[in-house]
Amino acid sequence: APHVTGIVALMKERDPNLTVEQIRSILKNTGTSVNGYRLVNAPRAVSAVADTRSQFALVNAIGHYFWRNGAYERFGAPTTAEIALRDGGVAQIFAKNQVIYWTARQGAFHVNFNGAIGAKYRSAGYEHGYGYPTMAEMAVPGGVMQRFARADGRTTAVYWDASTYRTHAVWEAGSIGYRYNVSGGVGRYGFPVSDETAVMGSVQQRFRTAAGTETVMVWSPGTGTKVLNGRGGLYWYWVNNGYIGQLGYPTSDEVAQADGSVVLSFTSGAQLRWTAETGVQRVR
């Protein structure tokens, strides 16, 4: 059995798509007759399989990554030679819609263009948008993420949420991305449900946990990033009563007081106060 297993592995290396019936047939037809039985003939069995692999070379760091991480079964055969890209990067494309990238700074990692993260990377302009992968896709509670970096070292993390099947990016080089990461990331705020969006001189991004808690992070040049309850009364009072044009930008996170109230202040000088009994009131 180990001998036959090794032969089958060599056959599959030449054609990863061989079926069980094809393998069985080849082993029988190429075997040597011994006392009325077929003795498996390794050279003939392997030679009988058409080599469907590309003739493009697998070399250097991309070749090493290919062989260490699933080879033909995972990536398929290479359909191109290595391709020189911007900022000194190199890529090689494979038949199963996988691309392995390499840079001197990050090393070699692949992007799965069958998946949502690969689609997001494509829509952002590949290496022109997010740069090059610094890791393969990694499972996080409730989904998957992959991180990319530009030549200057600024990173973007792309998240896929299994509960919504949606993919959004967190620009980790920015103030919102930094606040998201240092304050707990997915574990605290859940997954991004939007990309960063410019709103009247500010930048905003929304996050949601599996339990449905929503957080809106709001950045402006003068105030930095503040964290609001995206389903709370203070946030919606702000949106529905003049918003940035009248109340300005939040100057703090929502602040819980000793009496159980929550207070939120703005650059206009306005201040809102929420209690469970009265709801939201403007106190200044």
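What share of the contacts in the protein with a separation of 6 or more is accounted for by residues 24 or more positions apart? The share is 34%, and it is a useful figure to hold in mind while moving through this model, which is a predicted one.

**The whole chain**

Begin with everything displayed as a cartoon, where 10 helices and 20 strands can be picked out in the protein. If you then reduce the display to the C-alpha trace and align it with its principal axes, the spans come to about 100 × 40 × 25 Å. The radius of gyration is 28 Å, whereas a compact globule of 284 residues would have a value near 19 Å.

Switching to a surface view, you are looking at about 14,400 Å² of exposed area, of which carbon and sulfur atoms supply 53%. Of the 284 residues, 44% count as buried. If you colour by charge, there are 27 positive and 19 negative charges to find, and the mean positions of these two sets are 3 Å apart.

**First stop: Asn41**

Select Asn41, which sits in the loop between strand 2 (37-39) and helix 3 (42-47). Is this residue buried or exposed? Asn41 counts as buried because its relative accessible area is 19%, and the cut-off for that class is under 20%.

Now show the side chain of Asn41 together with Thr32, and a polar contact of 3.3 Å appears between the two side chains. On the helix 3 side of the loop, add Arg44, whose backbone nitrogen lies 3.1 Å from a polar atom of the Asn41 side chain. Beyond the residues up to four places away in sequence, Asn41 touches Thr30, Gly31 and Thr32. For a distance to check in the viewer, take the C-alpha atoms of Asn41 and Lys28, which are 13 residues apart along the chain and separated by 9.1 Å.

**Second stop: Thr156 and Glu172**

Move next to Thr156, a residue of strand 10 (residues 155-161). Thr156 has a relative accessible area of 3% and is therefore classed as buried. Setting aside neighbours within four places in sequence, its contacts include Tyr130, Gln146, Arg147 and Phe148, and also Ala169, Val170, Trp171 and Glu172.

The last of those names leads to the next selection, since Glu172 lies in the loop between strand 11 (166-171) and helix 7 (175-182). Although Glu172 is in a loop, the residue is buried, with a relative accessible area of 11%. Which side chain makes a polar contact with that of Glu172? Display Asn181, whose side chain makes this contact at 3.1 Å. Among the other residues that Glu172 touches, again leaving out those up to four places away in sequence, are Arg147, Thr155, Thr156, Ala157 and Tyr159, along with Gly177 and Tyr178.

**Last stop: Phe207**

Finish by selecting Phe207 in strand 14 (residues 202-208). Phe207 is counted as buried because its relative accessibility is 0%. Showing its contacts outside the four-place window brings up Val170, Ile176 and Tyr180, the run of Tyr189, Gly190, Phe191, Pro192 and Val193, and then Thr213, Glu214, Thr215 and Met217. Val170 will already be familiar, as it is also listed among the contacts of Thr156.

To close, draw a C-alpha to C-alpha distance from Phe207 to Arg273, which are 66 residues apart in sequence and 23 Å apart in space.

How values were computed:
Residues numbered from 1 in each chain as written. Predicted model: local features only at pLDDT ≥ 70, side-chain atom pairs only at ≥ 80, totals over all residues. Heavy atoms only, no water. Helix = DSSP H or I, 4+ residues; strand = E, 2+ residues; numbered from the N terminus. Rg over C-alpha atoms; globule rule 2.2 N^0.38 Å. Buried < 20%, exposed > 50% of the residue type's maximum accessible area, 1.4 Å probe, protein only. Contact = heavy atoms within 4.5 Å. Areas by Shrake-Rupley, 256 points an atom, 1.4 Å probe, with all protein chains shown as cover. Lys, Arg positive; Asp, Glu negative; His and termini not counted. Charge placed at Lys NZ, Arg CZ, Asp CG, Glu CD. Polar contact = N/O pair within 3.5 Å; in protein donor to acceptor, adjacent residues only side chain to side chain.
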